[in-house]
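Here is a set of exercises to work through with the model open beside you. Try each task before reading its solution.

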Amino acid sequence: MPATRLDVALLAYTPEPLALVYAAFRQCYHAGFVADMWPRLLAGEISREKQAEFVAGVISSGHVSPIEHVSFTFAVEGVSRALTHQLVRHRIASYSQQSQRYVDASSFDYVLPPAIARIPEAKARYEHFMAQVADAYRDLKDILETNGRGTKAKEDARFVLPQAAETRIVVTMNCRALFNFFEHRCCARAQWEIRALADKMLALCRMTLPEVFTTAGAKCERLGHCPEGAKFTCGKYPPAKS
């Protein structure tokens, strides 16, 4: 049951994402029917550069709802239950998480916080506790199974598992929800583990759809000032003037 590492994979995204966002935006301002334009978009008759320029201009004006038509699906592993408790606070999303009711955690892996890993005595104490929890989980599962709980023993034994226990989750968000997620979780004030996840997800989004995600990230990057105020700013950008 070693310490684990974060891994994020992009499983899928809406086909032709830039063309779809462009078409959705155009329908808002176009007298005609964008379905008639769609074959031309797929054929490349309207250049990607022209689409990107139009999309960027509309997004910069604050009109962003049409980007909701495109979604991204990620597979995530090597994260803690502490992280997913934060992640699911982002409610405009779909989640499918590994179940501790059905998956045996007798040899669970766990997330080791860097601050603990840097201090030998803290790391040793942490790892000792994880081993003790694993022993308690196995003992309880065995006792419950012996006393007739059967396959449901795992759902009761799991109550001793720590927030550090590794979990795996599939996450789907539309582009607008991702923008909101990145604004909050790429911020220097975000908890370190979910910030690392957000950074990896943002890198995958920018690689796939740079025309939309170039300006995504911590809110200060877009605003040019820190919205957290003087008390909480990390110092990268000046706080907003009152």
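## Exercise 1: the surroundings of isoleucine 46

Beyond the residues up to four places away in sequence, isoleucine 46 touches Tyr22, Met37, Arg40, Leu41 and Gln51. Keep in mind that this is a predicted model.

**Task.** Find where isoleucine 46 sits in the chain, and decide whether it is buried or exposed.

**Solution.**
- Step 1. Isoleucine 46 belongs to the loop between H2 and H3.
- Step 2. Its relative accessibility is 6%. Buried means under 20%, so isoleucine 46 counts as buried.
- Step 3. For a sense of scale, pick out lysine 141, which is 95 residues from isoleucine 46 along the chain. The C-alpha atoms of these two residues are separated by 62 Å.

## Exercise 2: helix H3 and its two faces

**Task.** Check the span of helix H3 against the expected value, then work out where its buried residues lie around the axis.

**Solution.**
- Step 1. H3 covers residues 48-60, which is 13 residues, and at 1.5 Å a residue it should span 18 Å. The end C-alpha atoms are 18 Å apart, which agrees.
- Step 2. List the buried residues of H3: Gln51, Ala52, Val55, Val58 and Ile59.
- Step 3. These residues cover an arc of only 135 degrees around the axis, so they are on the same side of H3. A helix of the α type has 3.6 residues a turn, so residues three or four places apart point the same way.
- Step 4. Now look at the face turned away from the buried side: the exposed residues Glu49, Glu53 and Ser60 are found there.
- Step 5. Ask what the buried side meets: helix H1 (17-29), helix H2 (34-42) and helix H10 (210-213) pack against the buried residues of H3.
- Step 6. Just after the helix, look at glycine 62, which follows H3 and has a positive phi, near 100 degrees.

## Exercise 3: helix H1

**Task.** Repeat the span check for H1, and find what covers its buried residues.

**Solution.**
- Step 1. The 13 residues of H1 should span 18 Å at 1.5 Å a residue; the end C-alpha atoms are 19 Å apart, which agrees.
- Step 2. The buried residues of H1 are Pro17, Leu18, Ala19, Val21, Tyr22, Ala23, Ala24, Phe25 and Arg26.
- Step 3. The elements covering them include E1, H2, H3 and H10.
- Step 4. Glutamate 16 is in the loop between strand E1 (7-13) and H1. Although glutamate 16 is not a glycine, its phi is positive, about 50 degrees. At 46% relative accessibility, glutamate 16 counts as partly exposed.

## Exercise 4: domains and cores

**Task.** Describe how the chain is divided, and locate its largest nonpolar core.

**Solution.**
- Step 1. Domain 1 takes in 8-75 + 167-223, and domain 2 takes in 111-163. The centres of the two domains, taken over C-alpha atoms, are separated by 40 Å.
- Step 2. The largest nonpolar core has 45 residues, and those with the most contacts inside it are Phe72, Phe74, Leu87, Leu178, Phe182 and Phe213. Helix H9 (residues 192-208) gives the largest share of this core, with 7 residues.
- Step 3. Zoom in on leucine 178: leaving out residues up to four places away in sequence, it touches Phe72, Phe74, Met173, Met201, Cys205 and Phe213.
- Step 4. Another core, of 13 residues, lies apart from the largest one and includes Ala105, Val133, Tyr137 and Ala165.

## Exercise 5: aromatic rings

**Task.** Classify the pair formed by tyrosine 110 and tyrosine 126, and say which parts of the chain the pair ties together.

**Solution.**
- Step 1. The centres are 5.9 Å apart and the planes make an angle of 65 degrees. Planes over 60 degrees apart count as edge-to-face, and this pair is edge-to-face.
- Step 2. Tyrosine 110 lies in the loop between strand E3 (94-97) and helix H5 (114-117), and tyrosine 126 lies in helix H6 (residues 120-146), so the pair ties together parts that are 16 residues apart in sequence.
- Step 3. Both partners are buried: tyrosine 110 has a relative accessible area of 5%, and tyrosine 126 has a relative accessibility of 14%.
- Step 4. To finish, the structure holds 8 aromatic pairs, and one aromatic cluster is formed by Tyr13, Phe72, Phe74, Phe179, Phe181, Phe182 and Phe213.

Technical notes. Residues are numbered from 1 along each chain as its sequence is written. This is a predicted model: local features need pLDDT of at least 70, side-chain atom pairs count only at pLDDT 80 or more; totals for chains, interfaces and linings use all residues. Side-chain values use heavy atoms; hydrogens and water are left out. Domain bounds come from an automatic or database domain assignment. A nonpolar core is a set of buried Ala, Val, Leu, Ile, Met, Phe, Trp, Tyr and Cys residues joined through side-chain atoms within 4.5 Å. Buried means under 20% relative accessible area, exposed over 50%, partly exposed in between (1.4 Å probe, protein chains only). Helices (H or I, at least four residues) and strands (E, at least two) are DSSP runs, numbered from the N terminus. Contact means heavy atoms within 4.5 Å. The expected span of a helix is 1.5 Å times one less than its number of residues. The arc is that of the directions from the helix axis to the C-beta atoms. Rings of Phe, Tyr and Trp (its six-membered ring) pair if their centres lie within 6.5 Å; planes under 30 degrees apart count as stacked, over 60 as edge-to-face and the rest as tilted.
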